[in-house]
Amino acid sequence: MIKLKDFLNSYVVANNISKCDFTSPSRKRMIVDARMIYCVVARNLGGYTLSEIGKSINRDHATVLYAIRNYEHLSAYDPDIKSKYYKASVIYRTLEYKPNTERIGLIDTLFETNKKLRQRILELEKLN
């Protein structure tokens, strides 16, 4: 299972949102929708609790539950919401990817290199 923090960092970068804005009390539609999708993916694919998801974005469990229920209603009518969910699920699954040890190909090499770079960035951030 991947860490929720890793998913959060990758998700905000992919959506071109600063982490400060994402975790702030901002009510801009773009940010609210992004938070909603983040909550749904973390719950459905990651199996995280409502409290864990809420803590990662400075919210409580009730806000996460509301976001998940809101997604269920909106996704029935808005195809853009579904495409955003798909994009977020691809990000999550990419972080979850485990290389094939029997036959290492180009994709496996890229994922391993990406993982090592992410770890090095975290080490450098801790030093700063």
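The following exchange goes through how several descriptions of this predicted model were reached.

Colleague: What makes α6 a helix whose reach is close to the expected one?
Modeller: Helix α6, residues 79-96, has 18 residues and spans 26 Å from its first C-alpha to its last. The expected span is 1.5 Å times one less than the number of residues, which for α6 is 26 Å, and the reach is therefore described as close to the expectation.

Colleague: Which residues of α6 are called buried, and why are they said to line one face of the helix?
Modeller: The buried residues are I81, Y85, A88, S89, I91, Y92 and L95, the cut-off for the word being a relative accessible area under 20%. Seen down the axis of α6, these buried residues fall within an arc of 155°, so they line one face of the helix. On the face turned away from the buried side, α6 carries the exposed residues P79 and Y86.

Colleague: How do you know that D78 caps the N-terminal end of α6?
Modeller: A side-chain oxygen of D78 lies 3.1 Å from the backbone nitrogen of D80, and because a polar contact requires a pair of N or O atoms within 3.5 Å, this pair meets the distance limit.

Colleague: Why are α1 and α6 called oblique to each other?
Modeller: Helix α1, residues 4-14, packs against α6 at an angle of about 135°, with the axes 10 Å apart. Angles over 145 degrees count as roughly antiparallel and those from 65 to 115 as roughly perpendicular, so an angle of about 135° falls in neither class, and α1 and α6 are therefore oblique to each other. The crossing of α1 and α6 is right-handed.

Colleague: What makes N16 and N58 worth a remark in their loops?
Modeller: N16, in the loop between α1 and α2, has a phi near 55°, a positive value in a residue other than glycine. N58, in the loop between α4 and α5, has a phi near 60°, again a positive value in a residue other than glycine. Exposed means a relative accessible area over 50%; N16 has 69% and is therefore exposed, and N58 has 55% and is therefore exposed as well.

Colleague: Why is L65 called partly exposed?
Modeller: L65, which is found in helix α5, has a relative accessibility of 30%, and because buried means under 20% and exposed over 50%, with partly exposed in between, L65 counts as partly exposed. The C-alpha atoms of L65 and C39 are separated by 8.5 Å, although these residues are 26 residues apart along the chain.

Terms used: Residues are numbered from 1 along each chain as its sequence is written. This is a predicted model: local features need pLDDT of at least 70, side-chain atom pairs count only at pLDDT 80 or more; totals for chains, interfaces and linings use all residues. Side-chain values use heavy atoms; hydrogens and water are left out. Helices (H or I, at least four residues) and strands (E, at least two) are DSSP runs, numbered from the N terminus. Buried means under 20% relative accessible area, exposed over 50%, partly exposed in between (1.4 Å probe, protein chains only). The arc is that of the directions from the helix axis to the C-beta atoms. A polar contact is a pair of N or O atoms within 3.5 Å; within protein, one must be able to donate a hydrogen and the other to accept it, and residues adjacent in sequence count only if both atoms are side-chain atoms. Axes are lines fitted to C-alpha atoms, for helices over the stretch in contact, and angles run from 0 to 180 degrees between N-to-C directions. Angles under 35 degrees count as roughly parallel, over 145 as roughly antiparallel, 65 to 115 as roughly perpendicular and the rest as oblique. A crossing is left-handed if the near helix is turned anticlockwise from the far one by less than a right angle, and right-handed if clockwise.
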